[in-house]
Amino acid sequence: MNETQIMQNNYYNEGISLWQLLRIIKQHFLLIIVTTILIGGATFGVSKYAFTPKYTSSAQILVNQKDATANGQAYTNQQADIQMINTYKGLITNYQILSEVSKKLANPTSGTVAYHLSYKKLKKMVSVQTSQNSQLFEVKVKANDAQEASTVANTVTDVFQKRIKGIMGFRNTKVTSRAIPQSKPSFPNVPLFTIGGILVGFFLGTVIAVIKETDPSKK
């Protein structure tokens, strides 16, 4: 049994030390690089051309009482507003609000694009994101088109602002940030996908190299 076969038996029976792994990487560097490039390139191609880009746009709403003066009352109202956000989350995506949004999008003012979106479609597109102990929440819309996403988000907030007083009997909300079209899609994240593919390719190439070195059938 020669030195290489003895080393292969040691790999197989005792595991691989760091220096042995570095030696394998150096010895099979071309294989690892080719595997890394192939999988990284394939991941880039799939994320760039196979997926339909999705754009996300959001509008921000503040929930705030106006009649609090004393510090104790202000704190009480703040906590009530935070709890109220959970109610508003359900209201924004209910049929009463989104059905009106659907009508407004289908019959816009002159000079704007009409979007024919059903309640069920809007329900899938619209989500509400909150932060813990914050009086702010965001209406987020994901669509295939950046302008469509921002238009739907702003229409939802407009309808919500218009209808909230009739539903709740009061209004304690204010739109603090309007949705704007985003230039870059939120999905897929091509650079992140590509980096992930490169890491997977490097790992897979290394595994193949280790297997080639430690295969006991070759001893």
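## The main nonpolar core

In this predicted model, the largest nonpolar core holds 30 residues, and F137 and V152 are the members that touch the most others. At least two residues of this core are supplied by each of β1 (55–63), α4 (71–92), α5 (95–106), α6 (119–125), β2 (126–130), β3 (136–143) and α7 (146–168). The largest share comes from α7, which gives 7 residues to this core. As a general background, nonpolar side chains in soluble globular proteins tend to be buried together.

Once residues up to four places away in sequence are set aside, F137 touches A59, Q60, I61, V63, I85, Y88, I92, V128, Q129, T130 and F160. Apart from the main core lies another core, of 5 residues, including I24, I25, I32 and V210.

## Overall layout of the chain

The chain contains 8 helices and 4 strands, and read from the N terminus its elements follow the order α-α-α-β-α-α-α-β-β-α-β-α. Of the 219 residues in the chain, 34% are buried. Among the contacts in the chain with a separation of 6 or more, 75% are between residues 24 or more positions apart.

## How α5 meets α7

Two packed helices are described by the angle between their axes and the distance between the axes. For α5 and α7, the axes come within 9 Å and cross at roughly 130°, an angle that makes α5 oblique to α7. The crossing of these two helices is right-handed.

On the α5 side, the contact is made by Q96, I97, L98, E100, V101, K104 and L105, while α7 contributes T151, V152, T155, V156, V159, F160, K162, R163 and I167. Sorted by class, the contact of α5 with α7 has 9 nonpolar, 3 polar and 4 charged residues. Two of the α7 residues in this contact also appear in the description of the main core: V152 is, with F137, one of the members that touch the most others, and F160 is among the residues touched by F137.

## How α3 meets α8

A further helix pair is formed by α3 (residues 29–50) and α8 (residues 190–214), whose axes come within 7 Å and cross at roughly 150°. Angles over 145 degrees count as roughly antiparallel, and α3 and α8 are therefore roughly antiparallel to each other. In this pair, α3 passes α8 in a right-handed crossing, and the residues of their contact divide into 12 nonpolar, 10 polar and 2 charged.

## V210 and the second core

Helix α8 also carries V210, which is one of the residues of the second core. V210 has a relative accessibility of 17% and therefore counts as buried, the limit for that term being under 20%.

With its neighbours within four places in sequence left aside, V210 is in contact with I16, L21 and I24. Of these, L21 is 189 residues away from V210 along the chain, yet the C-alpha atoms of the two residues are separated by 7.6 Å. Another of these partners, I24, is listed with V210 in the second core.

## A cis peptide bond before α8

Most peptide bonds are trans. In this model, however, a cis peptide bond joins F187 and P188, with omega at about -5°. P188 is found in the loop between β4 (173–177) and α8, the helix in which V210 lies.

How values were computed. Residues numbered from 1 in each chain as written. Predicted model: local features only at pLDDT ≥ 70, side-chain atom pairs only at ≥ 80, totals over all residues. Heavy atoms only, no water. Core = buried A, V, L, I, M, F, W, Y, C linked by side-chain atoms within 4.5 Å. Buried < 20%, exposed > 50% of the residue type's maximum accessible area, 1.4 Å probe, protein only. Contact = heavy atoms within 4.5 Å. Axes fitted to C-alpha atoms, helices over the stretch in contact; angles between N-to-C directions. Parallel < 35°, antiparallel > 145°, perpendicular 65-115°, else oblique. Left-handed = near helix turned anticlockwise from the far one by under 90°. Nonpolar A, V, L, I, M, F, W, Y, C, P; charged D, E, K, R; others polar.
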